[in-house]
Amino acid sequence: MKAELEKEKVSEEVILESLNWRYATKSYDKTKKVSGENWETLQQAMMLAPSSFGLQPYKALVITNPELREKLKAAAYGQAPITDASHLVVFAYKKTLTDADVEHFIERTAEVRGQTRESLADYEKVLKGSAKRAVDGGYVETWNSRQVYIALGFLLETAALLGIDATPMEGFDAARFNEILGLTDHSAVVVAAIGYRDAESDWLVNLPKVRYRKEELIETI
Ligand SMILES: Cc1cc2nc3c(=O)[nH]c(=O)nc-3n(C[C@H](O)[C@H](O)[C@H](O)COP(=O)(O)O)c2cc1C
């Protein structure tokens with residue numbers, strides 16, 4: 001890992017142009033697929049999202065099976081991006097946090113950083129304490145599901161920078177999604193369809209974005 005970025009940063013102009021270009025695409029061109037290279041970058045972007053303590057208490061399920069996607073569409077009020085976009089990601093948060101989850105994370109930390117398990121013992125205790133507090137306090141699902149939205153944000157922004165369309169979707173029946181996908185430890189919370197817009201048939205493509213005025217949204221105190 002380099003301490004400093006060696007390449008030039010993306011220009012402010014490109015960032016804002018891309019973010020203005022993106023919109024929650026309603027109609028996808030079924031024939032256009034995201035390239036393997038772009039898809040790899042999008043996956044890396046999701047993986048590079050930060051999470052509380054780095055615990056990554058979620059999964060991103062990439063649904064490639066067309067029959068499954070049909071079933072999911074039916075459980076998502078028939079939203080067309082579910083079947084028509086090139087790729088579909090279902091984000092599912094972990095319903096609890098156990099000691100085993102923390103241990104798994106500590107093992108991975110030791111592996112990646114070349115540290116011993118023993119040297120991480122104090123940290124492990126802190127994490128187990130936080131996990132237990134979240135479970136006992138009844139907010140573990142809220143906490144875990146929040147983390148998902150950071151990965152979603154990374155995915156959406158990276159897609160926009162690559163000129164790839166995306167639709168975040170919460171409009172689905174989570175219980176039915178869980179059943180269709182056989183999820184038990186996890187629960188579906190938000191979906192992202194990824195692909196290329198069909199500008200001809202999308203009613204939203206030319207409508208201006210609706211955002212509050214800056215002073216209403218951002219308060220500098
Ligand atoms: C968490 C979340 C859930 C959303 N759920 C849906 C959805 O189920 N269906 C849909 O068409 N758009 C959905 N949207 C898109 C929003 O309506 C859209 O992002 C918002 O109106 C702002 O417009 P823009 O994304 O085009 O800038 C969702 C967006 C977010 C962030």
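Student: Is V14 buried, partly exposed or exposed in this model?

Tutor: Happy to start there, and keep in mind that this model is predicted. Buried means under 20% relative accessible area and exposed means over 50%, with partly exposed in between. V14 has a relative accessible area of 37%, so V14 is partly exposed.

Student: Which helix holds V14?

Tutor: Let's look along the chain for the element that includes this residue. Residues 12-21 form a helix, and V14 is found there. The name of that helix is α1.

Student: Which residues form a nonpolar patch on the surface with V14, and what is their accessible area together?

Tutor: Nice follow-up! The partners of V14 in this nonpolar surface patch are V10 and L161. Together, the three residues V10, V14 and L161 have an accessible area of about 210 Å².

Student: How many helices and strands does the chain have?

Tutor: You can follow the elements from the N terminus on: α-α-β-α-α-β-α-α-α-β-α-β-α. Going through that order by type gives the totals for the chain: nine helices and four strands.

Student: What share of the residues in the chain is buried?

Tutor: Here the cut-off helps again: a buried residue has under 20% relative accessible area. The chain has 221 residues, and the buried share of them is 41%.

Student: What part of the exposed area of the chain do carbon and sulfur atoms supply?

Tutor: Now we turn to the outside. The chain exposes about 13900 Å². Of this area, carbon and sulfur atoms supply 53%.

Student: How far apart do the centres of the positive and negative side chains lie?

Tutor: Take the two sets one by one. There are 28 positive side chains and 34 negative ones in the chain. The distance between the centres of these sets is 2 Å.

Student: Where does F53 lie, and is F53 buried, partly exposed or exposed?

Tutor: F53 sits in the loop that joins α2 (36-47) to β1 (58-62). This residue has a positive phi of about 60°, although F53 is not a glycine. The relative accessibility of F53 is 33%, so F53 counts as partly exposed.

Student: What is the phi of Y77, and is Y77 buried or exposed?

Tutor: Y77 is found in a loop too, between α3 (66-74) and α4 (81-84). Its phi is positive, near 55°, in a residue other than glycine. With a relative accessible area of 68%, Y77 is exposed.

How values were computed. Residues are numbered from 1 along each chain as its sequence is written. This is a predicted model: local features need pLDDT of at least 70, side-chain atom pairs count only at pLDDT 80 or more; totals for chains, interfaces and linings use all residues. Side-chain values use heavy atoms; hydrogens and water are left out. Patches are made of residues with over 30% relative accessible area and no salt bridge: like charges are joined within 9 Å, nonpolar side chains (Val, Leu, Ile, Met, Phe, Trp, Tyr) within 5 Å. Accessible areas come from the Shrake-Rupley method with a 1.4 Å probe; for residues, only the protein chains shown count as cover. A salt bridge is a side-chain nitrogen of Lys or Arg within 4 Å of a carboxyl oxygen of Asp or Glu. Helices (H or I, at least four residues) and strands (E, at least two) are DSSP runs, numbered from the N terminus. Buried means under 20% relative accessible area, exposed over 50%, partly exposed in between (1.4 Å probe, protein chains only). Lys and Arg count as positive and Asp and Glu as negative; His and the chain ends are not counted. The place of a charge is taken as NZ of Lys, CZ of Arg, CG of Asp or CD of Glu.
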